[in-house]
Structures are given as structure tokens and as C-alpha cells.
Amino acid sequence: MLGCKLPDYRVNRAEALRYLGYAGQALDAEMEVRIDKNIAACEREARPGFVFRSFPIETCERGVRLAGSSLVLEGVDIARHLKGAAECAVLSCTLGVANEAAMARRKAQSALDAAIYGAAGSSLVESVADACEAAVVADAAKRGMRTNWRYSPGYGDLPLALQPEIVRVLAADKRLGMVATESNLLIPAKSVTAFVGLFDVDANFDEISGVKASCEGCACRQNCTLRAAGTPCWKR
């Protein structure tokens with residue numbers, strides 16, 4: 001298991017604008033300043049962190065069981081995502097309760113500022129998730145394994161009902177201040193959980209559907225220590 005604090009992560013401004021529905025329309029100077037102000041505040045007030053843990057995979061009647069945990073992943077799509085994998089990494093990422101409190105203050109003061117701040121947070125938490133995924137890739141490589149990409153509850157037919165158990169298995173409540181509500185939503189709202197498949201290096205890796213074969217387009221690209229060292233995972 002690994003946890004990490006990431007105080008220096010930055011919002012991708014273009015991505016934040018996309019979350020706001022921006023489609024190239026002109027922005028006046030006042031709006032530009034307002035956007036930049038909220039992005040800077042989001043970066044300053046967030047306390048990003050992540051944690052992950054890997055489990056051996058077992059098949060069962062209900063789907064994919066993660067041995068050594070209480071997690072059973074049901075659904076055709078997650079079974080396809082983990083086909084051929086020896087292990088599955090479970091990850092949890094968040095901007096922390098400070099971001100949640102700051103968002104609440106903005107909602108009470110200005111709907112526009114709250115919308116901009118929320119879009120900035122959505123971009124920032126994706127950056128934290130990318131960094132966590134990069135850490136999973138690096139950890140797997142140390143053990144002679146490769147990975148595919150993260151797959152979250154709510155994608156395809158993978159149920160959101162897994163959220164409380166993910167929080168429990170990773171002790172994300174204690175480590176990250178994260179909780180899952182009765183409706184299976186996460187608090188803080190700017191949080192991400194996901195699963196990543198780990199594959200033996202001598203498996204027919206290139207034949208496994210959807211596994212990355214290059215660094216181009218990889219979400220981990222900017223944070224990948226393997227790529228920086230000239231030994232990307234797909235060359236192993």
C-alpha cells in the first residue's frame with residue numbers, strides 16, 4: 001500500500017474550461033481574471049493525496065474476486081478489463097476536505113465562482129489520479145509486471161455500489177478523510193476510485209485488448225518515472 005501527498009499539482013486550465021462547457025467563445029478580461037483567480041485558489045486550498053493496494057485476482061461465480069479483500073467486481077466490462085491480469089490495483093485519490101469546505105463557501109457567495117472552482121477541482125483531481133496511476137505502473141514494473149489503465153465504478157456496468165467497500169479496504173477514510181454516502185457518492189466530491197490490471201511480463205501482453213503499447217496518449221505520461229528514466233513499461 002502506498003499513500004502520497006501532492007501539494008504542487010497544477011490545474012490544467014484548458015481542461016477546466018472544457019468542464020465549464022467552453023467551446024472557443026471569447027472571454028472578456030474580467031472573466032479571464034475570475035477564472036485564473038479560482039484556479040489559483042483551488043491549487044492553493046487543495047490537499048491532494050492518494051493511496052493504492054494490489055490484490056491477486058480470483059474468478060468466481062459473481063465476477064472477479066480480489067483475493068485477500070472483500071471486493072468482488074461484478075460486470076462484463078470489468079471482467080473484460082481484467083482479462084489475463086494476475087493482480088488488480090485498487091486506488092483512491094482526493095483533493096481532501098479542505099477543497100470540499102472551500103467549495104461550500106463559494107456556493108454560498110457566488111454561483112459563478114463555485115462553478116469555476118468546481119471545474120478547476122475536477123481537472124486537479126484527474127491530475128492526482130494520473131499521478132496515482134503512474135505510481136501503480138512504477139510499482140508494478142519493480143515486480144516485473146505491466147499494467148493497463150484505470151477503470152472506475154460507474155464505467156460500463158461496474159456498479160457505484162463498490163465505493164463504500166473500496167474506501168474500507170484502502171482505509172481511505174483514515175488515510176485520506178474520504179467517506180462514501182448511502183447513495184454511493186464520495187465525500188470529498190473531488191475524489192476518484194479505480195481499478196488497474198497488473199499483468200505478468202511474460203504473458204501474451206500485446207494480445208490483451210486495450211493495453212497501452214506506447215507512451216503517446218497515456219494518462220501517466222507526465223508523471224511517469226519509468227518514461228523519465230528511458231525505460232517505459234511497454235518496452236519491458
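How do the axes of helix α4 (residues 97–109) and α5 cross, and within what distance do they come? In this predicted model, the axes of α4 and α5 come within 6 Å and cross at roughly 155 degrees. Angles over 145 degrees count as roughly antiparallel, and α4 and α5 are therefore roughly antiparallel to each other. On the side of α4 the residues that meet α5 are Asn-99, Ala-102, Met-103, Arg-106, Lys-107 and Gln-109, and their partners in α5 are Ala-111, Asp-113, Ala-114, Tyr-117 and Gly-118. Sorted by class, this contact of α4 with α5 has 5 nonpolar, 3 polar and 3 charged residues.

Before following these helices further, it helps to view the whole chain. The protein chain has 236 residues, of which 47% are buried, and its secondary structure comes to 8 helices and 9 strands. Among the contacts between residues at least 6 apart in sequence, 76% join residues that are at least 24 apart. The chain exposes about 11600 Å² of surface, and carbon and sulfur atoms supply 52% of that area.

Another helix that packs on α5 is α2. Helix α2 spans residues 29–45, while α5 covers residues 111–142, and the two pack at an angle of about 50 degrees with their axes 9 Å apart. An angle that falls outside the ranges for parallel, antiparallel and perpendicular counts as oblique, and α2 and α5 are therefore oblique to each other. Their crossing is right-handed. From α2 the contact draws on Met-31, Arg-34, Ile-35, Asn-38, Ile-39, Ala-41, Cys-42, Glu-43 and Glu-45, and from α5 it draws on Leu-112, Asp-113, Ile-116, Tyr-117, Ala-120, Gly-121 and Leu-124. These residues divide into 10 nonpolar, 2 polar and 4 charged.

Helix α2 also packs on α4, and here the axes come within 9 Å and cross at roughly 145 degrees. In this contact Asn-38, Ala-41, Cys-42 and Glu-45 of α2 meet Ala-98, Asn-99, Ala-102, Arg-105 and Arg-106 of α4. By class, the residues that α2 and α4 bring together are 4 nonpolar, 2 polar and 3 charged.

Two residues of α2 show these packings at the level of single side chains. What is Glu-45 in contact with, once its neighbours within four places in sequence are left aside? The partners of Glu-45 are Ala-98, Asn-99, Ala-102, Arg-105, Arg-106 and Tyr-117; among them, Ala-98 and Arg-105 belong to the contact of α2 with α4, whereas Tyr-117 belongs to the contact of α2 with α5. Glu-45 has a relative accessible area of 18%, and because buried means under 20%, Glu-45 counts as buried.

Ile-39, which is likewise found in helix α2, has a relative accessibility of 9% and so counts as buried. Apart from neighbours within four places in sequence, Ile-39 is in contact with Val-11, Arg-13 and Ala-120, and Ala-120 is one of the α5 residues in the contact of α2 with α5. The C-alpha atom of Ile-39 is separated by 9.0 Å from that of Asn-12, although these two residues are 27 apart along the chain.

Just ahead of α2 in the chain, Leu-27 is found in the loop between α1 (13–19) and α2. Leu-27 is partly exposed, with a relative accessible area of 27%. Neighbours within four places in sequence aside, Leu-27 is in contact with Leu-17, Tyr-22, Glu-32 and Ile-35, and Ile-35 is also among the α2 residues that take part in the contact with α5.

Some details of the backbone lie further along the chain, in loops. Ala-171, found in the loop between α6 (163–169) and α7 (172–176), has a positive phi of about 50 degrees although it is not a glycine, and with a relative accessible area of 23% Ala-171 is partly exposed. Asn-184, another residue other than glycine with a positive phi, has a value near 70 degrees and has its place in the loop between β7 (179–180) and β8. Where is Pro-188 found? Pro-188 is in the loop between β8 (186–187) and β9 (191–200), and a cis peptide bond with an omega of about 0 degrees joins Pro-188 to Ile-187.

Methods
Residues numbered from 1 in each chain as written. Predicted model: local features only at pLDDT ≥ 70, side-chain atom pairs only at ≥ 80, totals over all residues. Heavy atoms only, no water. Helix = DSSP H or I, 4+ residues; strand = E, 2+ residues; numbered from the N terminus. Buried < 20%, exposed > 50% of the residue type's maximum accessible area, 1.4 Å probe, protein only. Contact = heavy atoms within 4.5 Å. Axes fitted to C-alpha atoms, helices over the stretch in contact; angles between N-to-C directions. Parallel < 35°, antiparallel > 145°, perpendicular 65-115°, else oblique. Left-handed = near helix turned anticlockwise from the far one by under 90°. Nonpolar A, V, L, I, M, F, W, Y, C, P; charged D, E, K, R; others polar. Areas by Shrake-Rupley, 256 points an atom, 1.4 Å probe, with all protein chains shown as cover.
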